[in-house]
Amino acid sequence: WIRGDAVVEGGVEGLVEVLKDPLRRQDWDQTFVEGGMLQKYDDSHSIVRFVRCQKASSNDQESPHWDWALLQSHHVVPAPEGGGRGDMQVLVWQSVQHRLLPQNPKFQRGHLGFEAYLMTPTDDGKTSVTVLLQMSVQEQYGGALVPL
């Protein structure tokens, strides 16, 4: 298990939209090589694909490229009555096997137990983010950590 906490500029809704959009991942994830949405079930659930490279350069062919098939879920947890700064938004990704993404011999298949982003607004218009990650780092990367 890995946990990280941060406060970022901007509101919760904007951050959720950036994180939910697989095509915007290249704007903030230096390990992102390619990917996109494979199937959208509803506004809260979809299957996404990410190909990521262990090194910061996606052109580095010496480093393994990892292919991820993930169920992406978005949930809103209402703030408690009479308390809290606003609703918590939760994004969760977890590995799945999906008919639209068979194993590609060009890439190694990544496996993620889950990764969750818990986002709540702060009093000053920023967003408090807690990231929870559960995966076997040694098995996936030989000890190098490349979180989603």
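In this predicted model, the side chains of Lys40 and Asp43 meet in a salt bridge, with 3.5 Å between N and O. Asp43 counts as exposed, because its relative accessibility is 59% and the cut-off for that class is over 50%. The structure holds 9 salt bridges, and several of these can be described in turn.

Arg3 forms a salt bridge with Asp5, in which the closest N and O atoms are 3.0 Å apart; Arg3 is itself exposed, with a relative accessible area of 58%. A further salt bridge, at 3.4 Å from N to O, brings together the side chains of Lys126 and Glu9. Lys126 is placed in the loop between β7 and β8, whereas Glu9 is placed in the loop between β1 and α1, so the pair ties together parts of the chain that are 117 residues apart in sequence. The two partners fall into separate accessibility classes, since Lys126 is partly exposed at 26% relative accessible area, while Glu9, at 66%, counts as exposed.

Salt bridges also link Glu34, Arg49, Asp67 and Arg109 in a network. Within this group, Arg49 lies in strand β3 and has a relative accessible area of 13%, so it is classed as buried, the cut-off being under 20%. The side chain of Arg49 is joined to that of Glu34 by a polar contact of 3.0 Å, and to that of Asp67 by a polar contact of 2.9 Å. When neighbours within four places in sequence are left aside, the residues in contact with Arg49 include not only Glu34 and Asp67 but also Gly35, Gly36, Leu38, Trp68, Leu101 and Phe107.

A second buried residue with a polar side-chain partner is His98, which has a relative accessible area of 13% and is found in the loop between β5 and β6. The side chain of His98 makes a polar contact of 3.1 Å with the side chain of Gln39. Beyond residues up to four places away in sequence, His98 touches Gln39 together with Tyr41 and Ile47.

The largest nonpolar core has 17 residues, of which Phe50, Trp68, Leu70, Trp93, Leu112, Tyr117 and Met119 touch the most other members. Two or more residues are given to this core by each of the elements α1 (12-20), β3 (45-53), β4 (65-77), β5 (88-95), β7 (114-121) and β8 (127-134). Trp68 thus appears both in this core and among the contacts of Arg49.

Strand β1, which spans residues 2-8, contains Gly4. With a relative accessible area of 29%, Gly4 is partly exposed. Gly4 and Leu133 are 129 residues apart in sequence, yet their C-alpha atoms are 8.7 Å apart in space. Gly4 also touches Val129, Thr130 and Val131, when residues up to four places away in sequence are not counted.

The confidence of the prediction should be kept in view when these details are read. The average pLDDT of the chain is 83, and 83% of the residues score at least 70. Over residues 137-148, however, pLDDT stays under 50, although the model has 39 contacts beyond four places in sequence for this stretch.

Definitions and conventions: Residues numbered from 1 in each chain as written. Predicted model: local features only at pLDDT ≥ 70, side-chain atom pairs only at ≥ 80, totals over all residues. Heavy atoms only, no water. Core = buried A, V, L, I, M, F, W, Y, C linked by side-chain atoms within 4.5 Å. Buried < 20%, exposed > 50% of the residue type's maximum accessible area, 1.4 Å probe, protein only. Helix = DSSP H or I, 4+ residues; strand = E, 2+ residues; numbered from the N terminus. Contact = heavy atoms within 4.5 Å. Polar contact = N/O pair within 3.5 Å; in protein donor to acceptor, adjacent residues only side chain to side chain. pLDDT = per-residue confidence, 0-100. Salt bridge = Lys/Arg side-chain N within 4 Å of Asp/Glu carboxyl O.
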